[in-house]
Amino acid sequence: MAEKQYMTVDGIPVEIEGEKNILEVLRKAGIQLPTFCYHSDLSIYGACRMCMVENEWGGLDAACSTPPKPGMKITTNNARLRRYRKNILELILANHCRDCTACENNQNCKLQDLAMKFNITDVRFPNTAVSNKNEDLSSLCISRDAGKCILCGDCVRMCNEIQNVGAIDFAFRGSKMKISTAFNMPIAQSPCVGCGQCAAVCPTGAIVVKNNIDPVWKAIEEPGVKTTVQIAPAVRVAIGKEFGIKNGENTMGKIVAALRRIGFDEVYDTSLGADLTVIEESEELLERLEDNEDLPLFTTCCPAWIQYCEKKHPEMLKNLSTSRSPMQMFASIIKDQATKSSRKSFHVAVMPCTAKKFEAARDEFKTDGMPNVDAVITTQELIRMIKESGIVFADLEPESIDMPFGTVSGAGIIFGVTGGVTEAVLRRVASNKNRSTLLSIATSGTRGMDGIKEFDVPYGDKTLHIGVVSGLGNAETIIGEVKAGKHFDLIEFMACPGGCVNGGGQPFIHREDLDARVDGLYKADRMHSIRRSEENPLIDHLYSDIIKGNVHRLLHVDYLKKGE
C-alpha cells in the first residue's frame, strides 16, 4: 500500500489524493476560495488571481493552476491575502457596469456576491464601463453586454473547448482586450448555435438568456386571447431549488399550479409531444433499417445540434430525422386545434433551452407566416415570472395538467436527460414489453453522464449499434468517426453536456450537482404506470381522430430542403 501524502493548509495536514491543483485540495478540506475564471470542466486559465495563496516562503501561488506537492505548506487567509483580493475586486468593479438593480443577473452574480462577502462598500478607482454601449441583442437566444464582462474567459473556453463552436474569442491586447466574435460581427451572424452554455458559465451579466417575458405578460392580459403553455420535462427537476425545494425534486404539479395563477388558460406537458416523437422517430428508424438508407439516423429534438449540423456539416443533413421536436409537435397540434375556434390563440413553451427561442422563429415551424410557438421562456424566465407574481411556490398544492392532452408516459419524461430519447425509442422498438425488458434497455448503455456512449442492442436477427452524444465537442468527434466509415444505426445528439437537465436556460448548478436532476427524471418515469409511448391511450386518439390525415404536415419537417 502506497504511503499517504500530505500538505499543510493553514497549519492543518490535508491528505493529497490525486487532486490536480491546490484548489481541489482546499475544497475537499472545506475551504472555498473565491474564483472567477476556474471551472472544473474547462481548461485552467488562471487569469482572475482571486484564488492566490501564500506559500511558506512568502510567495503567492494561484491555487487553481498550482499542483499540490507533499510537504507543501500554504496559508489561505491572512491580512495580506484579504487585502489582495479586495484590491482585485475593486479593479474589476472599476471596469464593470455597476447598474446591478437593472441587470438580468441581479442577485445571481458571482461578482456581486464576492463584493458583498468582502465588504466592498466603496471603489477607489473611477468607473470606466458603461452598460448598453456595446450591447449585442442580435441573437434570439442570448444577449451580450461588454460593459459587464470581467474577461474571465469562461465563455470563450466553453464555446471552444466543450462545444467546439468557436463563435467568440479574445480580441486585442492589454486594456483594449475584449470578448468578441470574428471581425466584431453581431453574434447572430457568427457560428453561434444558441446553446446558451456561455451564459450558463458567465459569472456576471455579460452574457444572459434573451428575455421574452414581456410578450407573454401582454398576451395573458389581453382580452379575448386564449393562452396555452407547455412545460418541457427537464424544467420540473430544475426549478424547485430556486424556491428552497430539494435539488432535483419533481415539482411538475407546483409548476402547473403556478402557471394557472399567473393567468394561463390551459397548461400542458411537453412529454406528450415526446411520446409522439417516439412513435414517429422509431417508425422512421425501422424504415431506414429496412431500406438500409441514410444511416445512421440522427435525432432532431435539440435545435442547437440542428444548427450545428447545418452550419458545420450540411452534407450530413440527410441523416437528420424528419420528426419534429416534442415542442413543435405539440405546438402544431395546439395551433391546428385553435383554427377551429374564433378566439385568438397565444401558445407559450417553457423550456430548459435557449436555442428553442431560435427554433420557434424558424420558417419551418410557421403556419401561414405565424409561428406555432408564439413565445419561448426558459426555466430562468419562469422563475422571474413566479417571483414577480408574488407566488409562494413552495406552498403551492400540486395540480394536474389540462385535458384533453393530460396523459403522458414515463418514456416522454426521460427526454430531458442524455440517452433518454434513445431509451424511449428502444422501449418501443423492443418486441418484449415486460418490466425485465425495460430494465435491460435501461442498463444497455443509454444511461450515464459520459459525453459519448456506444452500445449494441439486439433487434431480431440484427444487432443495432447505437451512439448517444451530449456536448457539441463530442458531436464533432462522433461525426468524424461516421465520416471515417464507422457504422452506427442511431445517434442521439444533445448540445448541452448531460442533456436538457443542463440546458442553457436552466438555473446554473455545478456538474457534480447535476445527478440529482437526472435522478429526478428517472424517478418520475418509474412512478408512471405507463412507461412506453405507444401505451399512452391518448396516442391512439390523436392518430385516429385529432391528427388523422395530417400526420406528416403536423409532425414532420424537412431540414434538408433548406440545406440544398
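A residue is called buried when its relative accessible area is under 20%. Keep that cut-off in mind as you read these notes on a predicted model.

1. **Cys496 and its neighbour.** Cys496 has a relative accessible area of 8%, so this cysteine is buried. The nearest cysteine sulfur belongs to Cys195 and lies 5.6 Å away, and Cys496 is in no disulfide. A disulfide needs the two sulfur atoms to be within 2.5 Å.

2. **Cysteines in the whole structure.** How many disulfides does a search of the whole structure find? The search finds 0. A disulfide is a covalent bond between the sulfur atoms of two cysteines. Take Cys97 as an example: the closest cysteine sulfur is in Cys103, and at 7.6 Å from the sulfur of Cys97 this is too far for a bond. Cys97 is also buried, with 5% relative accessible area.

3. **The overall build.** Now step back and look at the whole protein. You can find 20 helices and 20 strands in it. Its radius of gyration is 25 Å, while the globule rule gives 24 Å for 564 residues; the two values are close, so the protein is as compact as a globular protein of that length. The C-alpha trace spans about 80 × 65 × 50 Å along the principal axes.

4. **Inside and outside.** Of the 564 residues in the protein, 57% are buried. The protein exposes about 24,300 Å², and carbon and sulfur atoms supply 50% of that area. Contacts that link distant parts of the sequence are well represented: among those between residues at least 6 apart, 72% join residues at least 24 apart.

5. **The largest nonpolar core.** Which residues have the most contacts inside the largest nonpolar core? They are Ile262 and Phe405, in a core of 59 residues. Helix α7 (residues 252–262) gives the largest share of this core, with 7 residues. Apart from this core lies another, made of 52 residues, including Val193, Cys202, Ala355 and Ala495.

6. **A closer look at Phe405.** Try selecting Phe405 in the viewer and looking around it. Setting aside neighbours within four places in sequence, Phe405 is in contact with Tyr268, Leu272, Phe330, Ile333 and Ile334. Further along the chain, the contacts of Phe405 include Leu538, Leu542 and Ile546.

7. **Ala274 in helix α8.** Ala274 sits in helix α8, which covers residues 271–291. Its relative accessibility is 1%, so Ala274 counts as buried. Beyond the neighbours within four places in sequence, Ala274 is in contact with Pro326, Gly412 and Phe415. You can also compare Ala274 with Ser409: they are 135 residues apart along the chain, yet their C-alpha atoms are separated by 8.9 Å.

8. **An enclosed helix.** Why is helix α14 described as largely enclosed by the rest of the structure? The reason is that 9 of the 10 residues in this helix (residues 420–429) are buried. Among them are Gly420, Val421, Ala424 and Leu426, and also Glu423 and Arg427.

9. **Glu364 in a loop.** Glu364 is found in the loop between α11 (355–361) and β15 (366–367). Is this residue buried or exposed? At 19% relative accessibility, Glu364 counts as buried, because the cut-off is under 20%. The side chain of Glu364 is joined to that of Arg362 by a polar contact of 3.0 Å.

How values were computed:
Residues are numbered from 1 along each chain as its sequence is written. This is a predicted model: local features need pLDDT of at least 70, side-chain atom pairs count only at pLDDT 80 or more; totals for chains, interfaces and linings use all residues. Side-chain values use heavy atoms; hydrogens and water are left out. A nonpolar core is a set of buried Ala, Val, Leu, Ile, Met, Phe, Trp, Tyr and Cys residues joined through side-chain atoms within 4.5 Å. Buried means under 20% relative accessible area, exposed over 50%, partly exposed in between (1.4 Å probe, protein chains only). Helices (H or I, at least four residues) and strands (E, at least two) are DSSP runs, numbered from the N terminus. Contact means heavy atoms within 4.5 Å. A polar contact is a pair of N or O atoms within 3.5 Å; within protein, one must be able to donate a hydrogen and the other to accept it, and residues adjacent in sequence count only if both atoms are side-chain atoms. The radius of gyration is taken over C-alpha atoms; the globule rule is 2.2 Å times the number of residues to the power 0.38. Accessible areas come from the Shrake-Rupley method with a 1.4 Å probe; for residues, only the protein chains shown count as cover.
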